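User: Could you take a close look at the aromatic residues in this structure for me? I would like one connected walk through how they pair up and where they sit.

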Amino acid sequence: MMRNYYIKIILILAIIGYCVWQIYPPGEKIKKGLDLQGGVHIVLEVEQPPQTDKSKSDVTQRALEIIRNRVDALGVSEPVIQKEGTNRIIVDLPGVQDTQKAIDIIGKTALLEFRLVEEDEKKLTDALKGESDILTEYEVLYMQQKDERGIIRQTAPLLVKKQPELTGAGLTDAYVGYGPAGFPEVNFVLNKEGAEKFAAVTGENIGKRLAIVLDGTIKSAPVIRDRIPDGRGQISGDFTMEEAKELAVVLRAGALPAKVNIIYQQIIGPTLGKEYIKKSMLVGLYGLIFIILFMTAYYYMFGLLANLAMMINILILLAFMALFNAVLTLPGIAGIILTCGMAVDANILIFERIREELRAGKSAKTAIEAGYHRAWSAILDSNITTIITGAVLFFLGEGSVKGFGLTLSLGNIANLFTAVFVTKAIVDFVVANRSIEKLRI
């Protein structure tokens, strides 16, 4: 019999040790959300593109996937990217330092097109004057150049076909390289279908210029010297290394299926996050102290046991979060505090049951067994319903509601273990090793 008690105690100590190992150091293992460590909060609105048979919701979903790929390429830790309604996307980027860079990359359309240039100067002049017959097939686009101060200016208008010969839809890779003059450029690779189209376009238009257009601006317009059969090309455009890297990121992720407007953005400084943490920790600390004092004063040694179980509960909850890379948010801290109350509530049910058995004249050991057995159904019911509620909040809720639902669910799952198994194992171990005739509870 004693062997079983020792096994349970060793198991509890092993779980505590694993949880400590899992969350240490907490500053690195526990990921903090936007409200705790600062960053940028962006609300995007997706316009419905003309001449499309897809619903607005489908277009938004495609835009969300592309934005997620771009954010992943940025290396942001634990971003939150979710759809709101049919045409809005919420993006939270915790810990982002260069907020403007992140905003630029997320919102860039990155529509890559290859359009043939019309070299007839008279047609260009007529187009600039607004001749309607010319503009039905062509449009005037401008190249961009940086002056000696780094200011971007529009120069060299070109008359290009409205209908692109090829788009970047078939692009499979984009990476930074260096041109013949040693300046950064973006190399791209097309898939099989795109390579075949590119080969046909370049083969049929040798000697003509092919404008490489990104988001309505001509980046370069090289002369086609020969057929390009391998689907590889370069985009040069007076880039800095950082600009070339950013362009490669958005091209690899793909072009957004529609125009995306940033309708709201908020930069949250880390100072605000620290203030939130400080106040939340103080509130949590005051709550814990009150619970510990109350339980100890009201239930004596059993109260201390309930407090220990509550601490183990929090430890297991944080270990779960570290294990699954969950994000701790301010509402999540509120969920932890609520979990502390529910953890001792389960023990209160058990202790009150034990008191009833003792009043009925039963021995200490019999009262303990009966108390745990009869309180189990009530504990199970209350915790299961709370776990379900928390799960609904997590899976169906939005934003900060998810953090609250997550910690509430995990805390109550841990509570089923700590409130019953942990405290029962410790009580059984003590009772088995000591002759207890009168139980003080």
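Analyst: Happy to; here is a look at the aromatic pairs, with a little on the chain around them. Please keep in mind that this is a predicted model.

The structure holds twelve aromatic pairs. One of them joins Phe302 and Phe351, which meet edge-to-face with 5.3 Å from centre to centre and 75° between the planes. Phe302 belongs to helix α11 (residues 301-323) and Phe351 to helix α12 (residues 330-359), so this pair ties together parts that are 49 residues apart in sequence. Both Phe302 and Phe351 are buried. They also have company: Phe294, Tyr298, Tyr299, Phe302 and Phe351 make up one aromatic cluster.

Another edge-to-face pair is formed by Phe394 and Phe395, with centres 5.0 Å apart and planes at 80°. Here the surroundings are worth a look too. Phe394 has 26% relative accessibility and therefore counts as partly exposed, while Phe395, at 62%, counts as exposed.

Now for the chain that carries these rings. It contains 14 helices and 15 strands. Its radius of gyration is 32 Å, well over the 22 Å that the globule rule gives for 441 residues, so the chain is more spread out than a compact globule. Along the principal axes, the C-alpha atoms fill a box of roughly 110 × 45 × 40 Å. Of the 441 residues, 44% count as buried, and Phe302 and Phe351 are buried residues. Among contacts between residues at least 6 apart in sequence, 70% join residues at least 24 apart.

Definitions and conventions: Residues are numbered from 1 along each chain as its sequence is written. This is a predicted model: local features need pLDDT of at least 70, side-chain atom pairs count only at pLDDT 80 or more; totals for chains, interfaces and linings use all residues. Side-chain values use heavy atoms; hydrogens and water are left out. Helices (H or I, at least four residues) and strands (E, at least two) are DSSP runs, numbered from the N terminus. The radius of gyration is taken over C-alpha atoms; the globule rule is 2.2 Å times the number of residues to the power 0.38. Buried means under 20% relative accessible area, exposed over 50%, partly exposed in between (1.4 Å probe, protein chains only). Contact means heavy atoms within 4.5 Å. Rings of Phe, Tyr and Trp (its six-membered ring) pair if their centres lie within 6.5 Å; planes under 30 degrees apart count as stacked, over 60 as edge-to-face and the rest as tilted.
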